[in-house]
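Notebook open, viewer open. I want to go through one sheet and the helices around it.

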Amino acid sequence: MSKLPRNRSMRWRLLVWQAALLVLVVMGLGAVVLVQARATMFAEMDAGLLSGARVLESVLMKAAGPPENGSPFYPGSGRPGFGPPESGSFRPGRADRRPGREPPDDDGQGRPIPPRQFVERLDSLPAEMFRLPGSMMGRRGLDREPPWFAIFDSEGTLRRRSETGPAILPPRSPRRSHDFRMNATAREVVLRGPGQTLIVVGQDATRPLADFYRMATATALGAATVLAGGMLGGWWLTGRAVAPIDRITRTAESVSAATLTARIDAGELDVELAGLAGTLNSMLARLQESFDRQVRFAADASHELRTPIAVLIMHSELALSRPRPAEDYQATLQTCLRAAERMKLLVDDLLLLSRADVGQLNLNRRGTDLAGLVDEAAGFLHPLADEKNVRIRVETAAARADVDPEKMLQVVLNLLRNAIQYNRPDGEVVMRTSAEAGVAVIEVDDTGEGIETRHLPHLFERFYRIDPARSRDRGGSGLGLAICQSIVMAHGGRITVESVRGEGSRFRVTLPAEKRDAPGTGTIDR
Amino acid sequence: MRILVVEDEPDLRRGLVQLLQESGYAVDSAADGNEGLAKATTWPYDAILLDLMLPGRTGWEVLDRLREQARTPVLILTARDSLDDRVRGLDEGADDYLVKPFSSMELLARLRALIRRAAGQASSQVVIRDVVVDLAKRVVSVAGVPVELTAREFALVEMLTLHCGKLVTRTEIYDHIFGEDDDSLSNLVDVHISHIRKKLGAGFVRTLRGQGYIVDE
């Protein structure tokens, strides 16, 4: 279904263009071939006809006779006593003149021959003189067709003609010395003879014409064949050109969530399409990656929820399985409450992350003193630090940033809680704030065992755990650092970590400094 | 029957231990992989409940190492529910796989089936002459009349009937019937045996002096 429009837009269009080009080329070529063929075909016949006409011309000239006979043919106009031998203007032998030269409309010295006298003289000539030579028609058997002739005077009146032959209309005087024309199926030459006569020699041309038509038909058939072949080839070629696109389309169409691993085989593709396939493939790879991340995230989230739910079910079923003393029920309820609180924590974290993912963290930003936030966080977690025997040191310098104080406090608390929990006993946590060029910085250093370098790039990934089970008994959901990162990035900041094995880690939050220049407008008083 | 629970989540571990104890099993527990492996290779448990995500040594590692030396039935109890994990668990030597959260009934049923199969019994009802032992309902009747047994006594009957026709040594009884936390007073096997003889008839259990006990088929 979806094939037609695509083919029409490309394959068909290519084909139409190709057809148009082919027709033009074939027609041009055919025309040239046919014109040439026609010229070749009639060339011999024309030569024969012309030589016949020349014979008649020479007869006419001979008939005019030499001037010393007082021929009225060449009367001297105002110059009596003019003689051809002396002048050399006319000799009987002049019939062997090269063809193409102007016929003698004059006496050779620019004096026209009066037609009237010439015609009278012509009429007096005996009929036997007007005969065409038998072998004038060349080689190809054309001489089997009997030629005919006719001679018209300057008035267009028929003066002489052969006994055979069709009716011959008086021709128009040719512009050059002679001209060829078709007369129905006959070929004729019209030659300007002496005394403004027109000599017409013709011959039936049915056979050469038939030859020509046969050739024309053959040429047309050939052209049609070439055209059809060209179109078929074009169809095949465009098909071949389009086939890889079809393959790409099919692969792309077959891709669904379950088959994101499918890739277009770019190996057999030409450079142009390989680029397209490569682009699609890298898009697929990115899609697959983010899809895999989502799947893993969902699996991890459900995995995290399973254990507290298992606790809930287990203890509820146990409590209900038989009558128990009141303190047992109390213990069961406490256990269930712990499980429920753990789930709530996880769900809250998940909600925050998904809000951050779609950019709906609803930050309530205002100018905030980060040093105050750090103090607040330290105050919150002092009990935990005491419990773990970890000392908290705060070294703050004024650092203000446009942040949501609640969310940023969550970040600081998360970092501080990690720093306390993963510290060594009798360890220390140092919290610093500072302002550098255009940025406000919070740093949290611990003296824990440090983090292996291979874990560092993944540390902010959701549910990433260095030790799969270590954080569980410390109450973490595995989302703390991911949440820190989401919140910091929503503020346009960055969170980074450095760690030295055996010495400790440093988490560093960089935030854009407060832009307002009116100091003291925003304070964090909570 | 003695069970080992290897689970790192304290609340869940506590619940499992209580559930199994109340169902008449002797139960040991371990909170991480190392402790779990140590116990699993030391005592001849009738079944092991094994979590996969464990601190110290993962459940996979525990299973792998355990299978090098023992054929103890293992039921994997985990939050990992992907097909790959289930297939891998069974392929690597686990006998069953249960995904959290689970129902206590299903867990107990699977555990019973596991122990029964390991002892070579296909059915959950074992008939020894006029004594019928229903392992699923945990009741014993003599000539159609139900007999009341304590949990300890039932565990002893269960063990002897599961291995009926075979000698069960005193050491085996100690290993399988009593958990690590049982006090020594309850360990008096002879007292339990005499109670069983009173309730099910003197001919139910035969004593092989100096070796142990046997329930003839």
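How many bridges join strand E11 of chain A to strand E12 of chain A? I looked it up in this predicted model: there are 7, and the two strands, residues 494-500 and 504-512, run antiparallel. At the turn end, I find A:Val500 bridged to A:Gly504 in E12(A). The hairpin has 3 residues between its strands, and A:Gly502 takes a positive phi near 85° there.

Next I checked the whole sheet. It is open, with 5 strands in the order E7-E9-E10-E12-E11 of chain A, and the pairing is mixed. E7 (391-396) and E11 of chain A are at the edges with a single partner strand each, so each has one side without a neighbour in the sheet. I noted an average twist of 15° from one strand to the next.

Then the E9/E10 pair. Strand E9 (residues 428-436) and strand E10 (residues 439-446) of chain A are antiparallel and joined by 8 bridges. I see A:Glu436 partnered with A:Val439 of E10(A).

What lies across E7, E9 and E10 of chain A? I get helix H7 of chain A, residues 370-388, which runs at about 175° to E7(A).

Last entry, a helix pair. The axes of H6 (residues 326-357) and H9 (residues 480-490) of chain A come within 10 Å and cross at roughly 35°, and the crossing is left-handed. On the H6(A) side I list A:Asp349, A:Leu352, A:Leu353 and A:Ala356; they meet A:Ala482, A:Ile483, A:Ser486 and A:Ala490 of H9(A). By type, that contact has 6 nonpolar residues, 1 polar and 1 charged.

Conventions:
Residues are numbered from 1 along each chain as its sequence is written. Chains are lettered from A and ligands numbered from 1 in the order in which they are written. This is a predicted model: local features need pLDDT of at least 70, side-chain atom pairs count only at pLDDT 80 or more; totals for chains, interfaces and linings use all residues. Two strands pair if DSSP finds at least two bridges between them. Helices (H or I, at least four residues) and strands (E, at least two) are DSSP runs, numbered from the N terminus. Axes are lines fitted to C-alpha atoms, for helices over the stretch in contact, and angles run from 0 to 180 degrees between N-to-C directions. A crossing is left-handed if the near helix is turned anticlockwise from the far one by less than a right angle, and right-handed if clockwise. Two residues are in contact if their C-beta atoms, placed from the backbone, lie within 7 Å. Ala, Val, Leu, Ile, Met, Phe, Trp, Tyr, Cys and Pro count as nonpolar, Asp, Glu, Lys and Arg as charged, and the others, Gly among them, as polar.
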